[in-house]
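Colleague: Could you take a close look at one enclosed part of this model and then place it against the rest of the chain?

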Amino acid sequence: MKEEEVNRCQIQNWYPKFRSITIRTKFHKLPESFISYLTDDSGPFLLPDSVTNEDAMPNRVHNFEEEDDFQVSEGSDNEAETPLNLPSFPQLEIEIMESIETLGGTVLPKLNWSAPKDAAWISPSQNLSCTCFNEIALLFRSSDSLVHDLCNAYDSCSDKVSSRPESFYLALRKWYPSLKPEMEFRCFVKSNELVGISQREVTTFYPILLSEKDLLKGLIEEFFDDKIRLEFESENYTFDVYVTKERRVKLIDFNTWCGSTLPLMYTWDELEKIHGECDDELELRIVESRRSVLPGLKTAVPYDYLDVSSGSGWDEVFKKAEEELQNESLDEVA
C-alpha cells in the first residue's frame, strides 16, 4: 500500500467528487492547538471552556450529598491551589456550532479517516450524535480509534515518509436517527473489480437480510459499476454503503485495502485469493444465524485484537456456546 492510496481515503479528499451520492458534510480545518489538546495525555481529562455555555453531559445525575465531600473548606491546605486552566477554542467552537445548525442541529463527527465509534459509551446519547462542540471534544478525547488518524495512518505504507497528514479536518456529517445498522455494507475492490460484500454490523443477526440478500447484492453491484468503479482512483480499496428503504444506495466512506480496515465476514487472506473478473461469483456475506455472530465492539475488545484460532480462549467460548445452543434445540424437540 502506498501513501497516496491512504490519502485518497481521507474524507475531505473524496467528498467533493462524490458529494451527490453521500451524506451531506461540513468540514473544518483543525488548528494545531486542538490537535495538541487531543494528543496530550500529560494532564487531567478536561473539556474545553465553552464560549456558548454548552454542556457535553447535560443529563448527568448529581448526588449533592457526595459532592459535599469535595468541597474545600476555608483554611484547608488546598485553598491556595491554582485553579485548572481549561483549554479554549472559541473561534473553532463558533464555526462548528454554525455548521451543526446548518446540518439540522445534530451531527456525526469524524476526523480525516475515522469516527470515534469506540467512545460512543461515554456520550449521553450512547451513540455518535453530537449537538455541540464539547460533545465532539468528549468523544474525540475518549477515543482510542482516533489514534490511528493522529499518529498511525501511514504505518502500513511501503513508502512511508510521513508520520501524520499535513492537516487534520473535522468532518461533520448530518445525523439520521432512522438509519438501520443492518442496511450498511462493506465492499471490497481488488484490481478495480468488486470481489466481496459484507454485512457491516457483524455483532447482530438480522433475519431480514436472509430474504433480501440477492436483491441487496444486485443493488450494490450496480451502484459500484455506475458510480464508483471509474471515479475512485485506487485499484485496491474498500468502501461502505447504506441501502435506504427506497432501495437507493448511498456512499458512506472509503477505506484502504488491508491495513487497519476490518475484513468483517471475510479474512484478508481469502480476499487476496479471489479473482473478480471470471473465476469467482460475487458473494454478499451476512450473519445467517445467531450462532454466526462475530465479536466486536460489544465485547469491549476490537475485533482484530481477538484470537479466535483453534484452541484459543475465544474458540473455547464459541464451542461451549454452540454446544449449549444444540442442547437447547434438542430439549425443544424432546
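**Helix H6 and its surroundings**

Modeller: The cover over the buried residues of H6 includes helix H3 (32-39), H5, strand S2 (107-110) and strand S3 (169-174). Helices (H or I, at least four residues) and strands (E, at least two) are DSSP runs, numbered from the N terminus. Cover is judged by contact, meaning heavy atoms within 4.5 Å. The model is predicted, with local features needing pLDDT of at least 70 and side-chain atom pairs counting only at pLDDT 80 or more, while totals for chains, interfaces and linings use all residues. Residues are numbered from 1 along each chain as its sequence is written, and side-chain values use heavy atoms, with hydrogens and water left out.

Ten of the ten residues of H6 (residues 133-142) are buried, so the helix is largely enclosed by the rest of the structure. Buried means under 20% relative accessible area, exposed over 50%, and partly exposed in between (1.4 Å probe, protein chains only). The buried residues of H6 include the polar or charged Asn134, Glu135, Arg141 and Ser142 as well as Phe133, Ile136 and Phe140.

One of the covering helices, H5 (residues 90-102), holds Ser99. Ser99 is itself buried, at a relative accessible area of 10%. Its side chain makes a polar contact of 2.7 Å with that of His28. Such a contact is a pair of N or O atoms within 3.5 Å; within protein, one must be able to donate a hydrogen and the other to accept it, and residues adjacent in sequence count only if both atoms are side-chain atoms. Beyond residues up to four places away in sequence, Ser99 touches Lys26, His28 and Leu172.

Now the sheet. Five strands form an open sheet with mixed pairing, in the order S7-S6-S4-S5-S8. Strand S7 (249-256) and strand S8 (284-285) are its edges, each pairing on one side only. Two strands pair if DSSP finds at least two bridges between them. S4 (residues 184-190) runs antiparallel to S5 (residues 193-199), joined by six bridges. Helix H8 (residues 208-228) packs on this sheet, touching S4, S5, strand S6 (237-243), S7 and S8.

S6 is antiparallel to S4 over six bridges and to S7 over seven. Phe185 faces Val241 across the first of these pairings, and Phe239 faces Phe254 across the second. Seven of the seven residues of S6 are buried, so this strand too is largely enclosed by the rest of the structure. Tyr237, Phe239, Val241 and Val243 point one way from S6, and Thr238, Asp240 and Tyr242 the other way. In a regular strand the side chains alternate between the two faces of the sheet.

The largest nonpolar core has 40 residues, and Phe185, Ile228, Phe239, Leu251 and Phe254 have the most contacts inside it. A nonpolar core is a set of buried Ala, Val, Leu, Ile, Met, Phe, Trp, Tyr and Cys residues joined through side-chain atoms within 4.5 Å. Helix H2 (11-18), S4, S5, H8, S6 and S7 each give two or more residues to this core, with H8 giving the most, seven residues. A second, separate core of 31 residues includes Phe34, Phe133, Ile136 and Phe140. That brings the account back to H6, where Phe133, Ile136 and Phe140 are among the buried residues.

Technical notes: Axes fitted to C-alpha atoms, helices over the stretch in contact; angles between N-to-C directions.
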